[in-house]
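Visitor: I'd like a quick walk through this one, residue by residue where it pays off. Can we pull it up first?

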Amino acid sequence: MLERKSAKGRTKVTFVLPESNPDGPVSVVGDFNHWNPAAHPLQPRGDGTRAAEVSLPAHGAHSFRYLAAGDYWFNDEHADGHDGTNSRLHT
């Protein structure tokens, strides 16, 4: 799930997943962090979910995926779209 808040030409995007599905650590990786799995690991929020927040320029489009333990890559079913391989996000 994606949560968005706009302010001053930027969009704060929060990437949200259930805390235990999939098991183990999960990161959001995309063109906004040079596909670096260490840049945005999802952290527990205390409400049964985990999340990572990224501030992006408004009026842009980005590709991203999630990377879980065991080199398990997956897309966000609630993304704005998909380009065949990646999830797409519009700010």
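Guide: One term before we start: strands here are DSSP runs of E at least two residues in length, numbered from the N terminus. Keep in mind too that this is a predicted model.

Visitor: How many helices and how many strands does the protein have?
Guide: Reading from the N terminus, the elements go β-β-β-β-β-β-β-β-β. The count is therefore zero helices and nine strands.

Visitor: What radius of gyration does the protein have, and what would a compact globule have?
Guide: Along the principal axes, the C-alpha atoms fill a box of roughly 35 × 30 × 20 Å. For 91 residues, the expectation for a compact globule is near 12 Å. The protein agrees with that, because its own radius of gyration is 12 Å.

Visitor: Among contacts between residues at least 6 apart in sequence, what share joins residues at least 24 apart?
Guide: A contact here takes heavy atoms within 4.5 Å. Among the contacts between residues at least 6 apart, the share that joins residues at least 24 apart is 61%.

Visitor: What percentage of the accessible surface belongs to carbon and sulfur atoms?
Guide: Buried residues make up 42% of the 91 residues. The accessible surface comes to about 5,100 Å². Of that surface, the carbon and sulfur part is 50%.

Visitor: How far apart are the mean positions of the positive and negative charges?
Guide: There are 9 positive and 11 negative charges in the protein. Their mean positions are separated by 9 Å.

Visitor: Which residues of the largest nonpolar core touch the most other members?
Guide: That core has 17 residues. Strands β2 (10–18), β3 (26–30), β5 (49–57) and β6 (61–68) each supply at least two of them. The residues that touch the most other members are F15, V28, F64 and Y66.

Visitor: Is V13 buried or exposed?
Guide: V13 lies in strand β2. Leaving aside neighbours within four places in sequence, V13 is in contact with L2, E3, R4, A52, E53, V54, L56, L89 and T91. The C-alpha atoms of V13 and E3 are 5.6 Å apart, with their positions ten residues apart along the chain. Its relative accessibility is 0%, so V13 is buried.

Visitor: And S87, buried or exposed?
Guide: S87 belongs to strand β9, residues 87–90. Beyond four places in sequence, S87 contacts H62, S63, F64, R65, N75, D76, A79, G81 and H82. Y66 is 21 residues away along the chain, and its C-alpha atom is 9.2 Å from that of S87. With a relative accessible area of 0%, S87 is buried.

Visitor: Which peptide bond is cis, with omega near 0°?
Guide: Look in the loop between β2 and β3, where P22 has its place. The cis bond is the one from N21 to P22.

Visitor: What residues does E19 touch, not counting those up to four places away in sequence?
Guide: E19 is in the loop between β2 and β3. At 38% relative accessibility, E19 counts as partly exposed. The C-alpha atoms of E19 and G46 are separated by 8.9 Å, the two being 27 residues apart along the chain. The residues E19 touches are P44, G48, T49 and R50.

Visitor: K8 has a positive phi; what is its value?
Guide: K8 is found in the loop between β1 (2–7) and β2. At 85% relative accessibility, K8 counts as exposed. Although K8 is not a glycine, its phi is about 50°.

Visitor: W35 has a positive phi as well; what is the value there?
Guide: Its place is in the loop between β3 and β4 (43–44). W35 is partly exposed, with a relative accessible area of 33%. W35 is not a glycine, yet its phi is about 60°.

Visitor: How far apart are the C-alpha atoms of N36 and H62?
Guide: N36 sits in the loop between β3 and β4. With a relative accessible area of 35%, N36 is partly exposed. N36 and H62 are 26 residues apart along the chain, and their C-alpha atoms are separated by 14 Å.

Technical notes:
Residues numbered from 1 in each chain as written. Predicted model: local features only at pLDDT ≥ 70, side-chain atom pairs only at ≥ 80, totals over all residues. Heavy atoms only, no water. Helix = DSSP H or I, 4+ residues; strand = E, 2+ residues; numbered from the N terminus. Rg over C-alpha atoms; globule rule 2.2 N^0.38 Å. Buried < 20%, exposed > 50% of the residue type's maximum accessible area, 1.4 Å probe, protein only. Areas by Shrake-Rupley, 256 points an atom, 1.4 Å probe, with all protein chains shown as cover. Lys, Arg positive; Asp, Glu negative; His and termini not counted. Charge placed at Lys NZ, Arg CZ, Asp CG, Glu CD. Core = buried A, V, L, I, M, F, W, Y, C linked by side-chain atoms within 4.5 Å.
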